[in-house]
Amino acid sequence: MDKKITVIGAGNVGATTAQRLAEKELCDVVLVDIAEGLPQGKALDLAEAAPIEKHDAHLIGSNSYDVSANSDVVIITAGIPRKPGMSRDDLLKTNKNIIKQVTAAVAEKSRNAILIIVSNPLDAMCHVAFETSGFPKQRVIGMAGVLDSARFRSFIAKELDVSVENTHAFVLGGHGDTMVPLPRYSTVAGIPITELIPKDRIDALVERTRNGGGEIVSLLKTGSAFYAPASAAAEMAEAIIKDKKKILPCAAYLEGEYGINGLFMGVPVKLGKKGIEQIIQIKLTKEEHAALGRSAAAVQKLVDDLKKLG
Ligand code: APR
């Protein structure tokens, strides 16, 4: 196909992302992983499903970055997933080293690629990828808000017994316990949910969204969520590859927007072929602004901890 996307990490999130991309027939897909045989086996298995799924995307798996050369988009999912009892922050050290090594290899082979970071702790890993790649801020994007808002949307749809397609949800801030779901900007068929759902129920849905990752971890016990994260990463990649100019909540490097400087935070952005083409600034109430400030402080702490690790 005309376009190429490389997915680094052929584990649960990476392989499922590759499947979604191929089945959307968006691009050829390269899977890279350090585990011998894993990316090759999963790529072959996915390629053998193609006649049934009716797509002509080529899938290649490799332990080398050579086949990833000149990718349009690179999605980084390598790392260790969160285990029960482990906070996202516990992942910091291990995944920092992995993301550094992976980003350096990716950046060398695909100087013009747009990077979508999925590995956790997300906001901190975006910083590592941004610094290691030296890419402009428009081309380093974190996947968090699309996933968090999809979770919120699924809960809203269930609460009101309406189609998920009627729902829109807004989630700002870091990808963690301090994320800021915004009920005022979350709608069903254009109607704010604040007019449809009582406050105590909205509070419960917001809380469930905040703990969405942890809820899945405690059920799966041996790993973390991957179907919805893969769908979210694939939606972002599609917006970029098709130059859709789609507004999606993503982690972006902020330089003054929302009063935040030098941090990756979840905000609404316009995604197109250049990556982040615009950061959309919406009006926040005093309380929402304060919640975003608390989220920024939590992300800042992660970044400070990263620096201490050297
Ligand atoms: N280079 C390439 N691949 C690597 C490296 C590395 N240096 N280190 C680890 N990997 C690979 C592993 O071999 C494994 O196949 O990353 C893959 C991770 O897959 P899983 O363990 O299945 O984890 P997954 O559930 O996919 O989560 C990956 O995404 O959502 C986040 O928190 C999650 O950070 C985690 C990441």
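## A ligand and the spaces around it

In this predicted model, an oxygen atom of the ligand sits 3.0 Å from an N or O atom in the side chain of Asn120. Let's start from that contact and look at what else surrounds the ligand. The protein covers 87% of the 720 Å² of accessible area that the ligand has on its own. Two further contacts are worth finding on your screen. Asp33 places a polar side-chain atom 2.6 Å from an oxygen atom of the ligand. Asn12 makes its approach through the backbone instead: one of its N or O atoms there lies 2.8 Å from a ligand oxygen atom. How many residues surround the ligand in total? There are 19, and the closest are Asn12, Val13, Asp33, Thr77 and Gln101.

Now let's turn to the empty spaces. Rolling a probe the size of a water molecule over the atoms shows where empty space is left. The largest pocket found has a volume of about 730 Å³. Its lining consists of 38 residues, and those closest to the pocket centre are Thr77, Ala78, Gly79, Ile80 and Pro81. Four helices each give two or more residues to this lining: H1 (12-23), H3 (92-109), H5 (145-160) and H7 (212-220). Which of the elements gives the most? That is H3, with four residues. Sorted by class, the pocket lining has 19 nonpolar, 15 polar and four charged residues.

Where does this pocket lie with respect to the domains? Domain 1 (4-142) and domain 2 (145-309) both give residues to the lining, so the largest pocket lies between them.

There are also enclosed spaces to explore. A search of the whole structure finds two cavities of 30 Å³ or more. The largest cavity holds about 40 Å³ of space. Among the residues lining it are Ala144, Asp148, His175 and Gly266. Helix H5, which you met at the pocket, and strand S8 (171-172) each supply at least two residues of this cavity's lining. By class, the lining divides into three nonpolar, five polar and one charged.

The second largest cavity has a volume of about 30 Å³. Gln19, Ala22, Glu23, Leu46, Ala49, His55 and Leu59 line it. Helix H1 supplies the largest share of that lining, three residues, and helix H2 (38-53) also supplies at least two. Here the classes are four nonpolar, two polar and one charged. H1 is a good helix to trace as you finish, since you can follow it from the pocket lining to the lining of this cavity.

Key. Residues numbered from 1 in each chain as written. Predicted model: local features only at pLDDT ≥ 70, side-chain atom pairs only at ≥ 80, totals over all residues. Heavy atoms only, no water. 1 Å grid on protein atoms, 1.4 Å probe; cavity = no way out; pocket = protein on both sides within 12 Å on 5 of 7 lines; lining within 4 Å. Points joined across faces, edges and corners; volume = space filled by probe spheres on them. Nonpolar A, V, L, I, M, F, W, Y, C, P; charged D, E, K, R; others polar. Domains from an automatic or database assignment. Near = heavy atom within 4 Å. Polar contact = N/O pair within 3.5 Å; in protein donor to acceptor, adjacent residues only side chain to side chain. Areas by Shrake-Rupley, 256 points an atom, 1.4 Å probe, with all protein chains shown as cover.
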